[in-house]
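Please work through the following exercises with the sequence and the coordinates at hand. Each task is followed by a solution in steps.

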Amino acid sequence: MYIFIVNPVSGNGKGLKIWKKVRKELDKRQVPYRSFFTKQAGHGTELAKQLAELYQEKITAIIAVGGDGTVHEIINGLSKYPRIPFSAISAGSGNDFARGFGLPRRPLPALNHILATSSSSLARYDMGVYHLGHKRKGKGYFINGIGVGFDGEVAKYTNQARYKKWLNTFKLGILAYVISALKLLFKYRTQEVIIRVDGQEYTFRDVWLVAICNIPYYGGGMKIIPQARPNDGLLNVCVVHQLKPWQVMLALGSVYLGWHTRLKAVKLIKGEMIQVSSEEPMTVHADGEIIGTSPILLTIEKRTRTIWR
Ligand SMILES: Nc1ncnc2c1ncn2[C@@H]1O[C@H](COP(=O)(O)OP(=O)(O)OP(=O)(O)O)[C@@H](O)[C@H]1O
């Protein structure tokens, strides 16, 4: 049995519209499935956990119908059930999960792909683990990536912005992140950041952002770490520092092509255990969802999450 967890409000209501199309196709093909709607923020995690406990072996796959936030919540709910296959039908504004895992981004091709996939094409991928705060109490998982600093602020601002909804209506949701970035560019205060990667300490001055990624993309198609692979057992770190706001603005465009990595101001590091700290706490997002502020410790669970792709 396939289980669909639908976020009806993702992509400003795109979730519901896409689900109706998907449901029609499932009924037409007489595919056995059950579907559940998320009722508020955080509900995706609860639903996934309860459904996994209840149905366990009977589940062919749990499929998110939503954006990266919905994927993030479900992945967290399934953290104790890594063998239950997971996939997604994109209905958000960013949809980086589909990009990073090579899934079709249009709903019916994505559904066809899922229904045509046999269990032999199931594969195991790395899961990122985060611990927030000095006491490392706030634990959670991420599948795409973590953003600390400027892009944490951008995610926070975008998730609250009215123009995100408006742009989603015109299928221009990814523009929302660019608009927020431009709005915050001249207000953001950079600071010194200490990053420890597998015991080695690096100090960076005037840091804009630290991205720690499992896949190349974030922020709706920005190729922030082109060489990130979700099954290499490593976390990829990208530090952007010592740039003037106008230089960040120029660099922003090049991130979609991954060309920013050629800049001296961009430092890439790989490792299994990453710590990020600074004097002033920095806003942190995980898969685009705001999870709190730094300091943050990140580790990796190698090839544990089964993805149906
Ligand atoms: N019924 C609901 N009412 C309000 N919010 C909800 C509901 N169900 C889920 N949510 C919240 O909706 C938020 C947005 O979901 P999601 O990220 O999937 O869509 P998006 O923001 O449009 O896409 P993306 O993250 O790809 O930009 C999530 O933070 C989730 O917690």
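The exercises treat domains, the ligand shell, helix packing and backbone geometry in turn.

**Conventions**

This is a predicted model, in which local features need pLDDT of at least 70, side-chain atom pairs count only at pLDDT 80 or more, and totals for chains, interfaces and linings use all residues. Residues are numbered from 1 along each chain as its sequence is written.

**Exercise 1. Domains**

Task: State the domain bounds of the protein and describe the side of domain 1 that touches domain 2.

Solution.
Step 1. The assignment gives domain 1 as 2–117 and domain 2 as 127–302; such bounds come from an automatic or database domain assignment.
Step 2. Between the C-alpha centres of domain 1 and domain 2 there are 25 Å.
Step 3. Contacts involve 17 residues of domain 1 and 24 residues of domain 2, where two residues are in contact if their C-beta atoms, placed from the backbone, lie within 7 Å.
Step 4. On the domain 1 side, the elements giving two or more residues are α1, α3 and α4 (96–100). Helices (H or I, at least four residues) and strands (E, at least two) are DSSP runs, numbered from the N terminus.
Step 5. The most residues on this side, six, come from α3.
Step 6. By class, this side of domain 1 has four nonpolar, nine polar and four charged residues. Ala, Val, Leu, Ile, Met, Phe, Trp, Tyr, Cys and Pro count as nonpolar, Asp, Glu, Lys and Arg as charged, and the others, Gly among them, as polar.

**Exercise 2. The ligand shell**

Task: Determine how many residues surround the ligand and which are the closest.

Solution.
Step 1. The shell holds 23 residues, and the closest are Ala41, Gly67, Gly69, Gly92 and Gly94. A residue is near a molecule or strand if its C-beta atom, placed from the backbone, lies within 6 Å of it.
Step 2. Two or more residues of the shell are given by each of α1 and α3 (68–77).
Step 3. The largest share, four residues, belongs to α3.
Step 4. Sorted by class, the shell around the ligand has three nonpolar, 16 polar and four charged residues.

**Exercise 3. α1 against α5**

Task: Characterise the packing of helix α1 (residues 10–29) and helix α5 (residues 107–116).

Solution.
Step 1. The two axes come within 10 Å and cross at roughly 45°. Axes are lines fitted to C-alpha atoms, for helices over the stretch in contact, and angles run from 0 to 180 degrees between N-to-C directions.
Step 2. α1 and α5 are therefore oblique to each other; angles under 35 degrees count as roughly parallel, over 145 as roughly antiparallel, 65 to 115 as roughly perpendicular and the rest as oblique.
Step 3. The crossing of these two helices is right-handed, that is, the near helix is turned clockwise from the far one by less than a right angle.
Step 4. Ile18, Lys21, Val22 and Glu25 of α1 meet Pro107, Leu108 and Leu111 of α5.
Step 5. This contact comprises five nonpolar, no polar and two charged residues.

**Exercise 4. α2 against α3**

Task: Repeat the analysis for helix α2 (residues 43–55) and α3.

Solution.
Step 1. The axes of α2 and α3 come within 7 Å and cross at roughly 40°.
Step 2. That angle makes α2 oblique to α3.
Step 3. α2 passes α3 with a right-handed crossing.
Step 4. Residues in the contact include Gly44 and Leu47 of α2, and Thr70 and Ile74 of α3.
Step 5. The contact of α2 with α3 divides into three nonpolar, five polar and three charged residues.

**Exercise 5. Backbone geometry**

Task: Which residues does a cis peptide bond join, and where does aspartate 198 lie?

Solution.
Step 1. Most residues other than glycine have a negative phi, and most peptide bonds are trans.
Step 2. Serine 294 and proline 295 are joined by a cis peptide bond, with omega about 10°.
Step 3. Proline 295 is in the loop between β16 (289–293) and β17 (296–308).
Step 4. Aspartate 198 has a positive phi, near 45°, and lies in the loop between β8 (191–197) and β9 (200–213).
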